[in-house]
Amino acid sequence: MVGHTCMEKKMGEAVARVAKKVNETVENQADSLDLADCKLITFPIALYKVMRHVAEGIHLITLANNELKSVTSKFIITFSQLRELNLEGNYIHHLPEEVRTLLHLRNINLSRNKFHTFPDQLTSLQALEMINLEENEITGKKICSCAFKCLFVQTKY
């Protein structure tokens with residue numbers, strides 16, 4: 001029972017941390033949302049409603065060092081004006097097709113995830129300057145035949 005209470009307390013603290021960060025973004029009408037290190041396994045559905053009035057003004061989202069396995073189409077569509085997206089240190093292995101609609105995206109950090117192949121959806125993004133795919137599980141010689149200003153790929157093999 002004691003271990004259960006400790007786990008519940010940690011979960012409560014994580015929820016409170018997310019709520020505080022989201023409230024700060026909404027109240028200040030900030031252009032960034034930092035939910036790094038919040039133990040998220042998905043982007044909380046309730047946040048779409050809370051952030052609906054400020055979503056288009058969000059240009060930077062950091063979801064680094066969580067436990068995300070995927071990024072949903074709804075997330076991409078909701079935050080359509082993103083210029084930077086940091087998904088470093090999760091368990092993501094693919095991106096939704098809707099990533100192609102992020103016309104303003106300049107930087108994406110996908111390092112330390114579970115990608116086995118280069119995410120082809122990124123090749124159609126004209127504004128994209130930097131992709132970080134370091135420490136993924138990408139194999140093979142041909143990564144991408146596109147011309148990004150900065151592409152970081154470090155294979156394990």
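**Note on salt bridges, backbone outliers and loop contacts**

1. E24 and K20 are joined by a salt bridge, with 3.6 Å between the closest N and O atoms. The model is a predicted one. Both residues belong to helix α1, which spans residues 2–27, and they sit four residues apart, about one turn of the helix. E24 is partly exposed at a relative accessible area of 38%, while K20 counts as exposed at 54%. Side chains of opposite charge can pair when their charged atoms come close. In total the structure holds four salt bridges; three of them, including this one, are taken up in this note.

2. A salt bridge also connects the side chains of R112 and E88, at 3.2 Å from N to O. This pair links distant parts of the chain, with the two positions 24 residues apart in numbering: R112 is in the loop between β4 (107–109) and β5 (130–132), and E88 is in the loop between β3 (84–86) and β4. R112 has a relative accessible area of 33% and is partly exposed. E88 is partly exposed as well, with a value of 23%. The cut-off for buried is under 20%, so E88 at 23% does not fall in that class.

3. K114 and E137 form a further salt bridge, in which the closest N and O atoms are 3.8 Å apart. The pair again links distant parts of the chain, 23 residues apart: K114 lies in the loop between β4 and β5, and E137 in the loop between β5 and β6 (150–152). The limit for a salt bridge is 4 Å, so the K114 to E137 distance of 3.8 Å is within it. K114 is partly exposed at 32% relative accessibility. E137, with a relative accessible area of 16%, is buried.

4. Which residues other than glycine have a positive phi? Q29 is one of them, with phi near 45°. K39 is another, its phi being about 60°. Most residues other than glycine have a negative phi. Q29 is placed in the loop between α1 and β1 (32–34), and at 66% relative accessibility Q29 counts as exposed. K39 is in the loop between β1 and α2 (46–50), and K39 is exposed too, with a relative accessible area of 54%.

5. R83 is located in the loop between α3 (73–78) and β3. Its relative accessibility is 21%, which counts as partly exposed. The side chain of R83 reaches the backbone oxygen of Q81 at 2.5 Å. Apart from neighbours within four places in sequence, R83 is in contact with H59, H104, L105, R106 and N107. R83 and L128 are 45 residues apart along the chain, and their C-alpha atoms are separated by 8.6 Å.

6. N90 lies in the loop between β3 and β4, the loop that also holds E88 of the salt bridge with R112. Is N90 buried or exposed? N90 is buried, with a relative accessible area of 3%. What does the side chain of N90 reach? One partner is the backbone oxygen of L87, at 3.0 Å; another is the backbone oxygen of E88, at 3.4 Å. Not counting residues up to four places away in sequence, N90 touches L63, A64, N65, N66, E67, L68, R112 and N113. R112, in that list, is the partner of E88 in the salt bridge of point 2.

7. Y91 is placed in the loop between β3 and β4, as is N90. Y91 is partly exposed, at a relative accessible area of 41%, whereas N90 is buried at 3%. With neighbours within four places left aside, Y91 is in contact with N66, E67, L68, K69, N113 and K114. Among these, N66, E67, L68 and N113 are also touched by N90. K114, in contact with Y91, takes part in the salt bridge with E137. Y91 and N136 are 45 residues apart in sequence, and their C-alpha atoms are 9.8 Å apart in space.

Conventions:
Residues are numbered from 1 along each chain as its sequence is written. This is a predicted model: local features need pLDDT of at least 70, side-chain atom pairs count only at pLDDT 80 or more; totals for chains, interfaces and linings use all residues. Side-chain values use heavy atoms; hydrogens and water are left out. Buried means under 20% relative accessible area, exposed over 50%, partly exposed in between (1.4 Å probe, protein chains only). Contact means heavy atoms within 4.5 Å. A polar contact is a pair of N or O atoms within 3.5 Å; within protein, one must be able to donate a hydrogen and the other to accept it, and residues adjacent in sequence count only if both atoms are side-chain atoms.
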